[in-house]
Each structure stands twice: as structure tokens, then as C-alpha cells.
Amino acid sequence: MRYLSLGMLGLGLLSSSATCLLAAVAWGRVGGGAPIPQLALALVLMAVVSLGFAACNLLCSALFAGSARRCREQLEQLPLRCYLMGWCALLLQVFLVLNAPWVAIPLLFLNGLWLTRSLPALAQLAGEGLGLRGRRASLAGSLSLSLTVAFPVFGWLLLAQLLLAAVGSAALPRAWRAA
């Protein structure tokens with residue numbers, strides 16, 4: 001988990017700086033002039049979104065401490081079961097939404113509940129992979145997860161797989177938890 005966390009952090013920092021550099025080059029070629037205000041606004045927005053995500057994770061880890069601890073233990077002990085349960089939950093939700101579109105709103109609410117319980121656990125594991133402990137690990141893990149989104153395709157796919165495992169850890173039935 002340590003190398004995955006360091007990789008996510010490095011990937012996020014590299015991709016965010018590369019995206020800003022490419023935007024500056026593209027803006028200079030297309031519109032001419034210096035894109036400094038737009039580039040600064042993009043960086044500030046990325047920082048605000050990352051810090052907001054980290055603050056939300058810290059709040060959820062404080063409110064749902066028991067659930068987050070249980071999800072963390074499941075992600076550590078049964079990562080493949082959590083991942084496969086996340087895929088089963090996703091496929092079931094897609095089937096339900098395709099057959100009855102009105103079910104989409106309650107499913108979004110259910111996914112929100114699952115993610116508020118399991119994302120702090122995922123962020124804690126990612127932060128511990130960076131070598132930190134406690135609240136600092138949760139904060140650093142949240143920042144590395146949110147910076148992963150800055151890498152256009154690969155980061156989105158990586159984060160989607162991690163979110164599937166997080167949803168699976170929250171949705172894992174009690175009977176399947178015993179190893």
C-alpha cells in the first residue's frame with residue numbers, strides 16, 4: 001500500500017503541474033497573451049477542492065469512527081472481497097437503474113452513505129502508505145486521492161477502482177467478513 005500511496009501522490013502532483021503547463025501553452029497559442037490569471041484560478045480551485053475533500057473526509061472519520069474503522073480493517077484484510085463486492089454493487093445498481101430509472105435517486109443516496117463510511121478508511125490507508133499516522137495520515141491520504149483526479153484518464157480509472165473497493169468494504173455482508 002505504501003508504493004501505491006506514493007505513486008498516487010506523485011501522479012497527482014505531476015499531472016496537475018503538467019495539466020497547468022499544457023493549458024498555459026495551449027492558451028498562449030490559441031488566444032495569445034499571458035494566461036497567468038486563468039492558470040492561478042485553476043490552481044486555486046484545485047487546491048480548494050482538494051482541501052474541501054480532505055476536510056470532508058476528516059469530518060466523516062470523526063462522525064462515523066466505528067464504521068470507518070471496520071471498513072479499514074476489511075480493506076486491509078479482505079481487499080479482493082471488497083473489490084468484488086464493489087463490482088457486484090455497481091452492476092446491481094446499473095441493472096436496477098436501467099429497469100427502473102426512478103431508483104437512481106435512492107441509489108445515489110445509498111452510495112453517498114457508503115462512501116461517507118468507507119472513504120475515510122481508504123484515505124487513512126493511503127496516508128499510512130506515505131508513512132504518516134493518525135489525522136495526518138487521513139489528511140495526506142485525502143489529498144493524494146483528490147490529486148489523483150487531476151491526471152485525466154489513468155487517474156480517473158485508478159480512483160474508480162479504489163472507490164469500488166471502498167464501496168465494497170462498506171457493503172460487504174457480515175457473513176462474508178469471516179476469513
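Is glycine 66 buried, partly exposed or exposed, and at what relative accessibility? In this predicted model, glycine 66 has a relative accessibility of 37% and therefore counts as partly exposed. The class follows because partly exposed covers the range between the buried limit, under 20%, and the exposed limit, over 50%.

Glycine 66 belongs to helix α3, which covers residues 65–77. Its C-alpha atom lies 8.9 Å from that of arginine 117, although 51 residues separate the two along the chain.

**The chain as a whole**

The protein chain contains eight helices and zero strands. In sequence order, its elements give the pattern α-α-α-α-α-α-α-α. Of the contacts between residues at least 6 apart in sequence, 77% connect residues at least 24 apart. The table below gathers values for the protein chain.

| Property of the protein chain | Value |
|---|---|
| Share of buried residues among the 179 residues | 37% |
| Exposed area | about 10400 Å² |
| Share of the exposed area from carbon and sulfur atoms | 77% |

**Helix α6**

Helix α6 comprises 15 residues, numbered 134–148. From its first C-alpha to its last, this helix reaches 22 Å, close to the 21 Å expected at 1.5 Å a residue. The buried residues of α6 include Ala137, Ala140 and Gly141, together with the serines Ser138, Ser142, Ser144 and Ser146. Leu145, Leu147 and Thr148 are also buried in this helix.

Definitions and conventions
Residues numbered from 1 in each chain as written. Predicted model: local features only at pLDDT ≥ 70, side-chain atom pairs only at ≥ 80, totals over all residues. Heavy atoms only, no water. Helix = DSSP H or I, 4+ residues; strand = E, 2+ residues; numbered from the N terminus. Buried < 20%, exposed > 50% of the residue type's maximum accessible area, 1.4 Å probe, protein only. Contact = heavy atoms within 4.5 Å. Areas by Shrake-Rupley, 256 points an atom, 1.4 Å probe, with all protein chains shown as cover. Expected span 1.5 Å × (residues − 1).
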